[in-house]
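Reader: Before accepting the terms used for this model, I would like to see how each one is justified.

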Amino acid sequence: MYFEDYVIGQIFDKEIEPAILTEEDIIENAGKYDPRDIHCDKNLAKKSRFKGIISSGIFSIMTFWSKWVKTGIDSDGMICGVSIEKAKWLKPVYPNVKYDIKVKIVNKKIRKENIDGFVTYQMIVENPEKDLVLDFIVTGLVKCRND
């Protein structure tokens, strides 16, 4: 998709594969980048309020966002990310749970006529109970079709 193709309010959900984080992936990532007990120590995590291992918030975002990128929907026009407006972790992300992902287009603004513009995406992630787990809003720089 190019800048002109995006419509504010447009929702992508059927195109995005659900995500499942394994306990091994969570622990490996945490060991390198966020070595808190709730992310990498099974015994101590069991004693926490979460009653087990949970994913680091940033690792969760990266995992969920990768499912959007792998659709290829924005591959032709995407230049780069430019900002994170909001990242809210509303529920813990547990291993071996299937999380559903939606991406909604919430804003767009031309930067340079016929060259590029900003597209703002809202990623919404839900657990199997349909509880909102993650609400993430980012803006990317996207090429115009005529660029």
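Reader: What makes the lining of the largest pocket 9 nonpolar, 4 polar and 1 charged residues by class?

Author: The classes count Ala, Val, Leu, Ile, Met, Phe, Trp, Tyr, Cys and Pro as nonpolar, Asp, Glu, Lys and Arg as charged, and the others, Gly among them, as polar. Among the lining residues nearest the pocket centre, Trp65, Met78 and Val138 are therefore nonpolar, whereas Gly81 and Thr139 are polar. The model is predicted, with local features needing pLDDT of at least 70 and side-chain atom pairs pLDDT 80 or more, while totals for chains, interfaces and linings use all residues. Residues are numbered from 1 along each chain as its sequence is written, and side-chain values use heavy atoms, without hydrogens and water.

Reader: Which element gives the most to the lining of the largest pocket?

Author: Strand β3 does, with 5 residues; strands are DSSP runs of E of at least two residues, and helices runs of H or I of at least four.

Reader: Why are the buried residues of α1 said to line one face of the helix?

Author: Glu23, Ile26, Asn29 and Ala30 are buried in α1 (residues 23-33), that is, under 20% relative accessible area with a 1.4 Å probe and protein chains only, where exposed means over 50%. Seen down the axis, these buried residues fall within an arc of 140 degrees, taken from the directions to the C-beta atoms, so they line one face. The face turned away from the buried side carries the exposed residues Glu24 and Lys32.

Reader: What do the buried residues of α1 pack against?

Author: They pack against α2 (37-40), α3 (42-46) and α4, contact meaning heavy atoms within 4.5 Å.

Terms used. 1 Å grid on protein atoms, 1.4 Å probe; cavity = no way out; pocket = protein on both sides within 12 Å on 5 of 7 lines; lining within 4 Å.
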